[in-house]
Amino acid sequence: MTAPDTVRTEDLPAVVIGAGPIGLAAAAHLVEEGIEPLVLEAGPTAAAAVREWSHVRLFSPWGEVIDPAAEKLLAPTGWTRPDPAAYPSGGDWADDYLQPLADALGARVRTGATVTGVSRSGRDRIVDADRAAQPFVVHVTHADGREERLSARAVIDASGTWSTPSPAGADGLPALGEKSTADHITYRVPDFTDAAVRTRYAGKRTAIIGSGASAFTALAGLADLAKAADGGGTKGLWILRRGMSGATFGGGEADQLPARGALGLAAKAAVDEGHADAVTGFRTEAVERTPDDRLVLVAEDGRHLDAVDEVIVVTGFRPDLSFLSEIRLGLDERLQAPVDLAPLIDPNQHSCGTVYPHGHRELAHPEQDIYLIGMKSYGRAPTFLALTGYEQARSVAAALAGDTDSADRVELTLPETGVCGGAGLFDAPEQEEGTQGCCTTPKPQLLQLATPTGEPEAGCCGS
Ligand SMILES: Cc1cc2nc3c(=O)[nH]c(=O)nc-3n(C[C@H](O)[C@H](O)[C@H](O)COP(=O)(O)OP(=O)(O)OC[C@H]3O[C@@H](n4cnc5c(N)ncnc54)[C@H](O)[C@@H]3O)c2cc1C
């Protein structure tokens with residue numbers, strides 16, 4: 001239901017889309033700023049997306065995944081802060097922090113509420129007249145099928161990217177046959193502790209397409225299964241679009257997040273010990289089903305791989321922008337991240353995982369008072385960390401409250417990946433190491449960026 005005419009826009013709630021770590025943190029910061037949040041979560045519980053990867057252990061310790069404003073909100077509830085040096089699983093993150101936080105926010109969090117559209121009241125995206133003075137309207141479909149139209153003074157979209165994984169096809173479109181062979185394809189890291197999952201992969205030949213932390217986790221999981229009593233004959237086939245280089249397995253011991261570095265080392269061990277074979281320079285064009293119900297991956301260069309039983313596609317995520325089509329967004333044409341944020345996180349330049357401090361200004365759009373934050377703010381860039389999102393949430397909440405000084409005072413120091421130089425993230429196959437990438441040849445536009453004191457920033461590897 002829309003607000004009656006007597007309700008002033010500033011008295012309406014700020015709608016937060018998504019009760020993930022960053023949406024809930026945004027709500028906590030809004031409360032701190034005296035703005036009433038209304039968090040709409042599509043899933044049946046808070047942190048629904050994180051719960052889907054409950055079995056995966058974070059590479060960040062507890063101390064780096066708890067938001068300061070959230071902690072203040074939790075303090076009076078008797079909540080016990082977990083050991084900051086310990087590493088939670090996704091399930092721990094949800095159970096021991098995110099759910100208590102949602103409980104502390106109480107009726108401000110509504111679950112089973114999927115946002116299907118956002119616009120300005122009475123204005124589609126082409127209408128200029130008096131646009132900024134109109135409240136936002138947010139269309140919601142509830143779990144029971146009921147539709148609702150809510151009014152909001154501002155919208156913070158923290159809906160993540162989990163529901164829109166990228167396909168196997170190297171051109172960003174589903175490979176030919178990818179949809180019709182979906183019964184043998186998963187787009188998530190399987191939970192190899194689950195009995196049904198073990199049965200699905202044990203003794204089978206599985207292709208893993210992707211080169212990031214999720215691919216490392218899947219490779220290591222398959223190797224563990226291969227070594228287990230019930231996993232004899234399990235074999236992985238690791239499909240990489242690029243060639244192998246020193247950076248293929250991440251930063252290893254040079255990673256400032258040791259657990260993130262260890263993922264790459266575990267993947268390397270899986271290959272070195274023969275539990276997985278690497279196939280490089282392979283750009284998947286088609287997936288063909290054999291008469292005995294196995295799958296053959298075909299590359300753009302015509303290569304056909306030996307048949308596999310299962311395929312794990314971990315090629316990243318992309319933002320779902322469909323419900324924002326009536327909003328005037330300013331997004332980078334490549335990354336689908338806010339235009340001023342994109343150059344700071346472009347994986348073609350920034351393999352290190354560092355990002356310049358950024359807040360409400362870099363996250364702004366032509367449409368006022370709407371922000372994409374959290375995982376979704378990075379568009380297709382893969383290096384998002386919760387710490388970044390918490391600082392985004394703080395800055396945006398302060399900006400909405402009119403506290404520009406606080407909103408502008410963004411500070412962020414992120415642990416580096418230890419992968420510096422090299423050919424960036426994507427497909428410049430045989431570049432000599434160190435010839436491209438943020439540490440060696442920073443782009444002029446990045447060199448122009450200055451710290452608040454006016455000093456030029458060090459190269460993105462921080463040296
Ligand atoms: C396997 C994995 C491991 C990671 N490990 C780390 C780590 O160790 N350290 C670190 O800093 N970061 C890590 N990250 C990255 C990042 O911190 C997490 O992905 C984090 O969950 C992002 O938070 P978010 O709130 O932006 O998005 P999400 O957690 O995805 O939350 C978004 C929420 O929005 C809801 N939603 C989606 N669409 C709608 C809609 N239309 N209407 C209403 N609700 C909607 C979803 O159900 C979901 O609950 C990891 C990510 C993954 C996938």
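# Group meeting: arginine 153, three helix pairs and the ligand

Okay, let me start with arginine 153, which touches Thr9, Glu10, Leu12, Pro13, Ala14, Ile35, Phe136, Asp369 and Leu400, leaving aside residues up to four places away in sequence. Before I go on, please keep in mind that this is a predicted model. So where does arginine 153 sit? You'll find arginine 153 in the loop between strand E6, residues 147-152, and strand E7. One of those neighbours gives us a polar contact: a polar atom of the arginine 153 side chain is 3.5 Å from the backbone oxygen of leucine 400. Then there's arginine 8, which is 145 residues away along the chain, and yet its C-alpha atom and that of arginine 153 are separated by 8.9 Å.

Now, hang on to leucine 400, since we meet that residue again in helix H9, which covers residues 386-400. H9 packs with helix H1: their axes come within 8 Å and cross at roughly 35°. Which hand does the crossing of H1 and H9 have, left or right? That one is right-handed. On the H1 side we have Pro21, Ile22, Ala25, Ala26, His29 and Leu30, and in H9 they meet Ala386, Gly389, Tyr390, Ala393, Arg394, Ala397 and Leu400. Sorted by class, the contact of H1 with H9 comes out as 10 nonpolar, 2 polar and 1 charged residues.

H1, which is residues 21-32, also packs with helix H4, residues 90-105. Here the angle is about 35°, and the axes are 10 Å apart. The crossing of H1 and H4 is left-handed. From H1 you've got Pro21, Leu24, Ala25, Ala27, Ala28 and Val31, and from H4 it's Trp93, Leu98, Leu101, Ala102 and Leu105. What classes of residue make up the contact of H1 with H4? The split is 11 nonpolar, no polar and no charged.

One more helix pair: H6, residues 213-227, and H7, residues 258-272. Their axes are 8 Å apart, at an angle of about 45°. Angles under 35 degrees would count as roughly parallel, and 65 to 115 as roughly perpendicular, so H6 and H7 are oblique to each other. This crossing is left-handed. In H6, the residues Ala213, Phe216, Thr217, Leu219, Ala220 and Ala223 meet Leu263, Gly264, Ala266, Ala267 and Ala270 in H7. By class, the contact of H6 with H7 has 9 nonpolar, 2 polar and no charged residues.

Right, on to the ligand. How many residues surround it? There are 31, and the closest are Glu41, Phe59, Ser60, Met375 and Ala386. You've already heard Ala386 on the H9 side of the contact with H1. Two H1 residues from that contact, Pro21 and Ile22, come up here through their backbones. A polar backbone atom of proline 21 is 3.4 Å from an oxygen atom of the ligand, and for isoleucine 22 a backbone N or O atom lies 3.0 Å from a ligand oxygen. With leucine 40, a backbone N or O atom is 3.5 Å from a nitrogen atom of the ligand.

Last stop, glycine 172. This glycine is in the loop between strand E7, residues 154-157, and strand E8, residues 185-186. What does glycine 172 touch, not counting residues up to four places away in sequence? That would be Pro167 and Arg318. And threonine 284, 112 residues from glycine 172 along the chain, has its C-alpha atom 10.0 Å from the glycine's. That's my tour, thanks.

Conventions: Residues numbered from 1 in each chain as written. Predicted model: local features only at pLDDT ≥ 70, side-chain atom pairs only at ≥ 80, totals over all residues. Heavy atoms only, no water. Axes fitted to C-alpha atoms, helices over the stretch in contact; angles between N-to-C directions. Helix = DSSP H or I, 4+ residues; strand = E, 2+ residues; numbered from the N terminus. Parallel < 35°, antiparallel > 145°, perpendicular 65-115°, else oblique. Left-handed = near helix turned anticlockwise from the far one by under 90°. Contact = heavy atoms within 4.5 Å. Nonpolar A, V, L, I, M, F, W, Y, C, P; charged D, E, K, R; others polar. Near = heavy atom within 4 Å. Polar contact = N/O pair within 3.5 Å; in protein donor to acceptor, adjacent residues only side chain to side chain.
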